[in-house]
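Notebook open, coffee poured. I want the overall build of this chain, then a look at one of its cavities.

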Amino acid sequence: MGVSMRLTLFCGAASLALIASTAPAFAQGDDTAAPDDSAFGLGQITVTAPRPQGIEIGGETINSQAILTFDRNTLDEAVNLIPGVHAGNSGGSRNERLIFVRGFDRFQVPLSIDGIRVYLPADNRLDYGRFLTPDIAEVQVAKGYASVLDGPGGMGGAVNLVTRKPTKEIEAEVRGTLNLGRDVEYAGYNVFALLGTKHDKWYAQASFARSFTDHWDLPGGFRPFPTSEEDGGERDFSRTEDWRVNVKVGFTPNATDEYSLSYTRQEGSKNAPLYTGDPATNQVRYWSWPYWNIDSIYFLSSTAIGDNGTLKTRLYYNTFDNLLRGFDTRAQNSQTSSAGRVTNSWYDDNAYGGSIQFDANSNRNRFSLAVHYRRDKHVEWAQSFPSAFIEPPQRNIESTWSVAIEDRFQIDPTLTLVAGLSYDIRDTKIAEEYGMPPGGGANALFQYPIRNSNAWNAQGQLIWTPNDETNAHLSVSSRARFPTVFERYSSRFGGATSNPDLEAERATNVELGGSHRFGKIQVEGAVFYSHVDNVIVSYPFIYNNTSVTQSRNVGDGDYYGVELAVNGDLGPTLSFGANYTYIHRDLHNPSIGYYQLTDVPSHKGFVFVSWRPVQALTITPSLDFASDRTTVTPASSTGFAPNYYRTGAYALANLSLDYRLSRQLSIGIGAKNLFDESYQLTDGFPEPGRSFFATIRATY
């Protein structure tokens with residue numbers, strides 16, 4: 001069945017829902033959903049667009065009701081609902097889910113939980129598929145303009161997961177989802193439980209989420225390489241499991257002050273599906289991660305100082321533990337090869353730090369001063385085969401400071417000017433490596449040259465709000481981000497040489513946007529442009545008579561596009577939403593003439609209709625669509641230079657039906673990729689085919 005036929009069938013179903021809207025009227029709100037005020041206010045960052053109501057899919061925030069309705073259980077799936085944000089797949093043996101914000105990648109867009117940065121100091125290769133959403137009240141995405149008050153690194157924006165906070169004296173929720181494959185066979189499950197209490201002077205809450213994927217199925221139309229190790233059906237090595245627990249206690253002595261202590265622990269393990277474009281004899285990596293764990297304990301507070309001041313603090317201690325195991329057989333039971341891919345590689349990282357922010361308010365002005373500090377320690381060591389030699393631990397220690405000021409001045413009742421400035425410093429203390437020292441000789445533990453970095457950031461925003469229904473803004477932001485340890489020092493299995501002098505890369509972002517409510521219809525839009533310079537690219541050259549690469553600041557280019565979103569009610573029983581993104585990216589890499597940017601489609605959108613024919617039943621068809629995107633066949637597969645080509649266009653029809661048995665109990669069923677479309681976002685790694693799910697949810 002072609003894409004056009006699938007679109008026709010889907011639109012026909014949506015039309016039936018529109019015609020049926022003449023059914024008796026019932027309230028549109030879902031009383032069992034997490035209330036809008038359940039978001040943990042101390043953990044929010046600054047975003048421009050207003051918070052959505054219900055399951056609206058515009059702006060910069062997606063809430064728990066939309067996440068639940070569309071069954072988006074991981075962070076990459078959830079933010080793909082937002083215009084300007086694209087989910088992707090890293091491909092290769094790392095098997096990581098990606099997020100791009102207006103074309104900027106995971107290195108250029110920091111991730112936080114309750115405003116606390118999640119950062120992997122070695123390479124920051126975050127796998128967004130490891131971050132679960134059932135216990136999240138909302139996901140905030142600052143696009144382009146990320147306030148300097150929220151910390152360093154927001155070159156292309158920022159992503160923040162805001163956990164839930166209790167709103168009632170006794171609050172409880174239990175949820176379970178059974179996942180089924182394309183043949184309605186068992187494929188895994190998701191469970192979630194929450195218990196909380198809120199009183200005049202204090203609150204407490206604990207939540208637990210777990211996701212287990214036994215496997216996922218390839219589409220029926222998948223056609224593998226004739227001698228590929230992947231034969232279709234259940235995707236080999238697609239099993240994953242993740243869980244997260246979040247506990248918080250808070251003290252609210254009066255109407256203005258709040259103090260909270262939170263603890264988050266998440267654990268994950270995964271395998272890596274194999275590249276489908278190669279025969280078995282060409283497979284070079286059989287990798288698995290027995291554990292991928294993150295710990296965070298953090299204290300957040302807000303204290304009124306006199307009548308016009310507020311002091312906000314954030315203090316935290318984070319850890320990250322990771323083991324990568326590389327095998328030389330598909331069965332993953334042998335480590336005998338001397339190749340670099342066969343290894344055990346351990347990461348043991350920790351970070352501590354915090355921020356303090358003071359806001360001084362006057363009649364028409366708010367002046368803010370913020371200071372951020374973070375100290376990262378990365379420790380790694382590896383075991384090589386067949387000798388089973390374990391190298392000594394190598395340390396990287398560095399501190400990052402940021403001092404930011406922001407002034408928010410109300411020019412008149414409808415017009416506000418915001419201006420911000422910050423100065424970031426990275427102070428590297430230790431940069432160790434084990435191997436052949438730069439001057440030659442036997443393998444040993446040695447120290448790379450130490451270099452420190454600094455960067456200025458500046459931004460301004462003009463906000464016009466003539467009435468409660470209208471908002472418009474114009475913003476300019478110039479933000480930098482420091483390169484990772486990997487970019488500065490990694491030898492990449494002997495194929496690269498270090499560059500301690502690597503500088504920060506920078507983006508200048510301009511945006512014109514706004515929103516207006518026409519009765520029950522909300523319309524939003526934005527036009528954006530980013531100029532990127534000093535971009536870090538992999539530069540090939542000859543070193544000691546060997547072809548290697550080195551990270552250098554030699555790239556520059558432009559990103560620009562348009563975002564549109566509309567949400568609203570077409571009647572008392574029918575609501576709808578739609579968004580669309582167009583983006584164009586052009587980056588010049590002087591080291592590789594044929595270089596192209598990958599992973600982001602030019603066109604992408606999402607559409608849904610939510611119909612309630614009777615009070616207890618809600619039917620929600622939706623459609624994900626995107627144009628094709630550039631991907632690349634690696635040189636290791638072709639034996640020649642990398643081959644760029646276009647892939648990944650899709651139109652995925654989805655359907656969910658939710659039935660409320662009572663105010664506290666509801667059940668639901670649904671399907672994703674209903675027409676079993678076959679597509680891939682990156683070369684050699686196809687995406688899942690049709691799947692089904694069934695959910696039961698109880699609240700108190």
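Surface first: I get about 28,100 Å² exposed for the chain, with carbon and sulfur atoms supplying 58% of it. Areas are Shrake-Rupley with a 1.4 Å probe.

Ground rules for myself: this is a predicted model, where local features need pLDDT of at least 70, side-chain atom pairs count only at pLDDT 80 or more, and totals for chains, interfaces and linings use all residues. Numbering runs from 1 along each chain as its sequence is written, and side-chain values use heavy atoms, with hydrogens and water left out.

Next, burial. Of the 700 residues in the chain, 55% are buried, meaning under 20% relative accessible area with a 1.4 Å probe, protein chains only.

Fold elements: I find 5 helices and 35 strands, taken as DSSP runs (helices H or I, at least four residues; strands E, at least two) numbered from the N terminus. The radius of gyration is 25 Å, close to the 27 Å from the globule rule for 700 residues, so the chain is as compact as a globular protein of that length. That radius is over C-alpha atoms, and the rule is 2.2 Å times the number of residues to the power 0.38.

Now the cavity. A cavity here is a set of points on a 1 Å grid over the protein atoms alone where a 1.4 Å probe fits but cannot get out; lining residues have an atom within 4 Å of a point. The second largest one is lined by 40 residues, with P110, R117, G151, P152 and G153 nearest its centre. Strands giving two or more residues to that lining include β5 (116–118), β7 (157–163) and β22 (470–481).

Conventions: 1 Å grid on protein atoms, 1.4 Å probe; cavity = no way out; pocket = protein on both sides within 12 Å on 5 of 7 lines; lining within 4 Å. Buried < 20%, exposed > 50% of the residue type's maximum accessible area, 1.4 Å probe, protein only.
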